[in-house]
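Me: Hi! I am new to reading protein structures, so could we walk through this one together?

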Amino acid sequence: MGDIPAVGLSSWKASPGKVTEAVKEAIDTGYRHFDCAYFYHNEREVGAGIRCKIKEGAVRREDLFIATKLWCTCHKKSLVETACRRSLKALKLNYLDLYLIHWPMGFKPPHPEWIMSCSELSFCLSHPRVQDLPLDESNMVIPSDTDFLDTWEAMEDLVITGLVKNIGVSNFNHEQLERLLNKPGLRFKPLTNQIECHPYLTQKNLISFCQSRDVSVTAYRPLGGSCEGVDLIDNPVIQRIAKEHGKSPAQILIRFQIQRNVIVIPGSITPSHIKENIQVFDFELTQHDMDNILSLNRNLRLATFPITKNHKDYPFHIEY
């Protein structure tokens, strides 16, 4: 099982036109961990940035840790390898360092013809988002009858065949993770559980649960959002701690996760922010700082995915 670099670049919400340059900038700045997903519809551009830097000799493929994610419409065992190969083709890689189940919920799979046409990458790219979110007449997602334990078996097969080095999960609650870890005949444990985490959603219980089971935690959206109209970055507590350390609020929020042994994947396409977000290893927050930041918890979840609330595997009906 591989170790995940502590700070990575998330490509979530990065527009295809800008993400290639962001990836090149990140590699030059020292990033070696890149987090992608089929659902972000920019894997091809992330791959272009990576390829460019490998070609230049700035980095070797084996120096990089590339993660992407299986989308919910491909949870059927027979579709998992197809989906993985589709991502590999878009990224122009021959293996992934980490492949995650993006959500514990399976959705109705796309039409078989669409899946076959996906070997034609141009088709995929000219029809982005087609059938990613199959909706019923009340605009709720149409589930599949899949079970994530079966999906996991197909994920394990990808490790055996060498398409991926490690597998993991994302957005799993502790009951779902426990169910997976207790699966009879489990061949590979999830390397990580990637979850939304920031001082307004500290995830204390879920993090200690994962770490007690030897599953690492990766924090997405680490810079948070707004609570009662105040952006986390502008929170007076964060501002004060940043000032005391001579660092930016974003650096404080990233360092906060590192000191909890949480991997952190801030996203940015701005060169100065990309640079700043990885300059977090030359200072330490005090226990007092950490306690103050933890006390900001509001259980404010930003990624609630409301159109999936009626799904049998919706992860946020329980506390953690």
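Me: Which helix gives the most to the lining of the largest pocket?
Reply: Happy to help, and do keep in mind that this is a predicted model. Three residues of the lining of the largest pocket come from a single helix, and that is the top contribution. The helix covers residues 271–278 and is called α11.

Me: What is the volume of the largest pocket, and which residues are closest to its centre?
Reply: The largest pocket has a volume of about 830 Å³. Its lining is made up of 34 residues. Closest to the centre are S10, W12, K13, Y220 and R221.

Me: How do the residues of that pocket's lining divide into nonpolar, polar and charged?
Reply: Sorting the lining of the largest pocket by residue type gives three groups. They are 18 nonpolar, eleven polar and five charged.

Me: How many cavities of 30 Å³ or more are there, and what is the volume of the largest?
Reply: A cavity is a space where a 1.4 Å probe fits but cannot get out. The count at 30 Å³ or more comes to one cavity. The volume of the largest cavity is about 70 Å³.

Me: How many residues in the lining of the largest cavity are charged?
Reply: Residues that line this cavity include N171, F172, E196, R301 and Y320. The lining divides into seven nonpolar and three polar residues, and the charged ones number two.

Me: Which residues touch the most other members of the largest nonpolar core, and which helix gives the most to it?
Reply: The largest nonpolar core has 73 residues, and F34, Y99, M155 and V164 touch the most other members. With seven residues, the top contributor to this core is the helix spanning residues 148–161, named α6.

Me: What does V164 touch, not counting residues up to four places away in sequence?
Reply: Contact here takes heavy atoms within 4.5 Å. Not counting residues up to four places away in sequence, V164 touches C84, L96, Y99, L158 and V159.

Me: How many disulfides are there, by the sulfur distance rule?
Reply: A disulfide needs two cysteine sulfur atoms within 2.5 Å. For C36, the nearest cysteine sulfur is that of C84, at 12 Å. The sulfur of C210 is 10 Å from the closest one, in C197, which is too far for a bond. The count of disulfides comes to zero.

Me: Is C210 buried or exposed?
Reply: Buried means under 20% relative accessible area. C210 has 0% relative accessibility, so this cysteine counts as buried.

Me: Is K53 buried or exposed?
Reply: K53 has its place in helix α2, residues 43–56. Leaving aside neighbours within four places in sequence, K53 is in contact with K24, I27, D28, A58 and V59. Its relative accessible area is 5%, so K53 is buried.

Me: Where is E25 found, and what is it in contact with beyond its neighbours within four places in sequence?
Reply: E25 is found in helix α1, residues 16–29. At 22% relative accessibility, E25 counts as partly exposed. Leaving aside neighbours within four places in sequence, the contacts of E25 are P271, I274 and K275.

Me: What distance separates the C-alpha atoms of E25 and E153?
Reply: Along the chain, E25 and E153 are 128 residues apart. In space, the separation of their C-alpha atoms is 37 Å.

Note on methods. Residues are numbered from 1 along each chain as its sequence is written. This is a predicted model: local features need pLDDT of at least 70, side-chain atom pairs count only at pLDDT 80 or more; totals for chains, interfaces and linings use all residues. Side-chain values use heavy atoms; hydrogens and water are left out. On a 1 Å grid over the protein atoms alone, a cavity is a set of points where a 1.4 Å probe fits but cannot get out, and a pocket is an open set with protein on both sides within 12 Å along at least five of seven lines; lining residues have an atom within 4 Å of a point. Grid points are joined across faces, edges and corners, and a volume is the space filled by probe spheres set on the points. Ala, Val, Leu, Ile, Met, Phe, Trp, Tyr, Cys and Pro count as nonpolar, Asp, Glu, Lys and Arg as charged, and the others, Gly among them, as polar. A nonpolar core is a set of buried Ala, Val, Leu, Ile, Met, Phe, Trp, Tyr and Cys residues joined through side-chain atoms within 4.5 Å. Buried means under 20% relative accessible area, exposed over 50%, partly exposed in between (1.4 Å probe, protein chains only). Helices (H or I, at least four residues) and strands (E, at least two) are DSSP runs, numbered from the N terminus.
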